[in-house]
Amino acid sequence: MFTQLASDLDPQSILVSVGLISLVYALLKVTRGGFLADAPMPPQPSWLWGHDREVYENDVGVSYTKWLNQYGYIAKIRGAFFHPEILLVADTKACTHILQTHIYDYYHSVVVRPRIERLLGRSLGWVEGASEHKRMRALVAPALSPESIRAMAPQIYAAAEDARNQAEQEIPAGGGYQVVNAMDLTGKTTLDITGRVAFDHDFQLGQSNDAQTILQAWRRMVNIGMQWKGFMAIVLLRRFPWLNHLPIKSNRGQSVVKVTIQQGVAKELVVRSQQMEDPASLKSKDLMSILLKANAQGKIDQQELMDHITMFLMAGHETTGQTLAYTLWELGKRPDIQAKLREEVQAYPGNPTYDEIVGSTALPYLDAVTKEALRMFPALPYMERVATRDDVLPLQTPIATPDGRTITALPIKKGQIIVLPIIAINRLDATWGDPMNFRPERWFEQHPSPELLPHGWGNTLTFSEGPRNCVGYRLGIFQFKVVLMTFMRTLKFEDTGAKLGHVMCSSLQPYVIGQRDQGPNIPVRISVH
Ligand code: HEM
């Protein structure tokens, strides 16, 4: 009966009772003020929503960027329902402290971790603690090394060319054009690449049943998360983590993608492995061989195998596909940049190797467009952590306290929630000058303040930094460049005039303003050049 009752509840219907509970909570327990007194706070938070509602109602990152521009590289905000203060950290030294030197003292927060588990399982993005994390990372990292990506290159080029040819065939002949959702085009291309290079699985350019089921399940989940109830779910789960364990609809809905993958393509891969003569002797360094071998040797059980497949299928394609879609949109709005990029890639003879394409010398403008796209549109716009012990954050840029002192370090308490707003860090005025301008040329210039630049790839925080940075960043960048180059050679992208809004729903999600209920969409006009 309890299960039935709980499953009928959605975040909106429990709002009133939760409001009352949180009021009692607030009266019984001092949950704010005090420890973060030295950090500046934007004025006038709502008594019930704190600053959370403003963050949600603005475009992704806009409020964080505004506050950090205003107060320096540290600020604190109030969370909804009397949540203890949340610390926003953009200071480079503090980021490095959290993400590199003290990484294992900062766990994914109570909102993030159970969500990752429901979405993708107990794989690398979920695991905590030095020894388990290092074990999983050491298991999969060889599949994503430069050596492995060199071996994948022909398949990545083949998949990109197949996707481009298919797109060309769908364009009406005789100088016609088609309006497509760039998210669909790039999403199925990167899913196809991930299937081929990591799992030796053919998603038939997004047309196979497996591909359709996975893409549709993800889209349904994102559509729900993009609505008001998605915001409510996040603030409620953060305030009342025990809600994570209730079988409410919004929690169960997040498992659909994982279940779809694990009952479909992952199961099929496992069955295939059971038919192999001796998986323990597999020599290949592709992800599937590494996982099957580890399973056959008893190093990982079948559930862990399934969870790694799920994590890598989704993390491997969704992030890169999204950034590519945003790039096609920007290039549609900026024909001058598109023409310059096309000129460079068309002049390049043949397909560059991994080593030629990965640096900035063989195709410098492609490299600059890639860095600019990843700076402006980080697929994961925020990271949220919780301190597992009392700590002191060192600061690169001293901050002025509300009582007029200047401090160079900020003490924090165990349990402190910290948001590392990647998208805001990548768009700060003081660091980037004209951050909202898509300007690849900036990557040929001297950045104004090197000590203020993040320490992650390309001086951005897009792939995070340190021992838990994105393990697939080399593959992400390589497939991004290959697909963009392949499309640019013969396809032309133009603006449709649609105005986009952006929302955080597990990752950065675009929608056409006025059509948010229709889900992620970046309409672009596509023709043969
Ligand atoms: C443009 C593409 C990509 C972006 C922007 C991106 C971004 C990120 C970020 C910011 C993190 C850190 C998240 C956190 O700590 O909360 C991360 C972790 C991760 N990424 Fe990526 N990623 C991309 C592509 C990929 C690809 C292609 C793969 C796999 C083939 C991948 C697999 C992972 C995994 C497994 C982790 C967890 C690493 C760990 O905890 O040790 N990502 N990614």
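Okay, quick definition before anything else: when I say helix, I mean a DSSP run of H or I at least four residues long, numbered from the N terminus. And keep in mind that this is a predicted model.

Let's start at the iron. Which protein atom is its donor? That's the SG of Cys470, sitting 2.3 Å from the iron atom of the ligand, and the protein offers no other donor. If you want to find Cys470 on your screen, look in the loop that runs between helix H21 (429-432) and helix H22 (473-490).

Now the rest of the ligand's surroundings. There are 29 residues around it, and the ones that come nearest are His133, Arg137, Arg385, Arg468 and Cys470. A few polar pairs to look at: Arg137 has a side-chain N or O atom 2.8 Å from an oxygen atom of the ligand, and for Arg385 the distance is also 2.8 Å. His108 puts a polar side-chain atom 3.2 Å from a ligand oxygen.

So who builds this shell? Helix H7 (130-140), helix H16 (302-333), strand S5 (383-387) and H22 each give two or more residues. H16 gives the most, with 6. By type, the shell splits into 13 nonpolar, 13 polar and 3 charged residues.

Last stop, Ala368, over in helix H19, residues 364-376. Buried or exposed? Buried, because its relative accessible area is 1%, and the cut-off for buried is under 20%. Beyond its close sequence neighbours, within four places, Ala368 touches Pro440, Trp443 and Phe444. Pro421, on the other hand, is 53 residues from Ala368 in sequence and 23 Å away, C-alpha to C-alpha.

Conventions
Residues numbered from 1 in each chain as written. Predicted model: local features only at pLDDT ≥ 70, side-chain atom pairs only at ≥ 80, totals over all residues. Heavy atoms only, no water. Donors = N, O, S within 2.8 Å, 3.2 Å for Na, K, Ca; no water. Near = heavy atom within 4 Å. Polar contact = N/O pair within 3.5 Å; in protein donor to acceptor, adjacent residues only side chain to side chain. Nonpolar A, V, L, I, M, F, W, Y, C, P; charged D, E, K, R; others polar. Buried < 20%, exposed > 50% of the residue type's maximum accessible area, 1.4 Å probe, protein only. Contact = heavy atoms within 4.5 Å.
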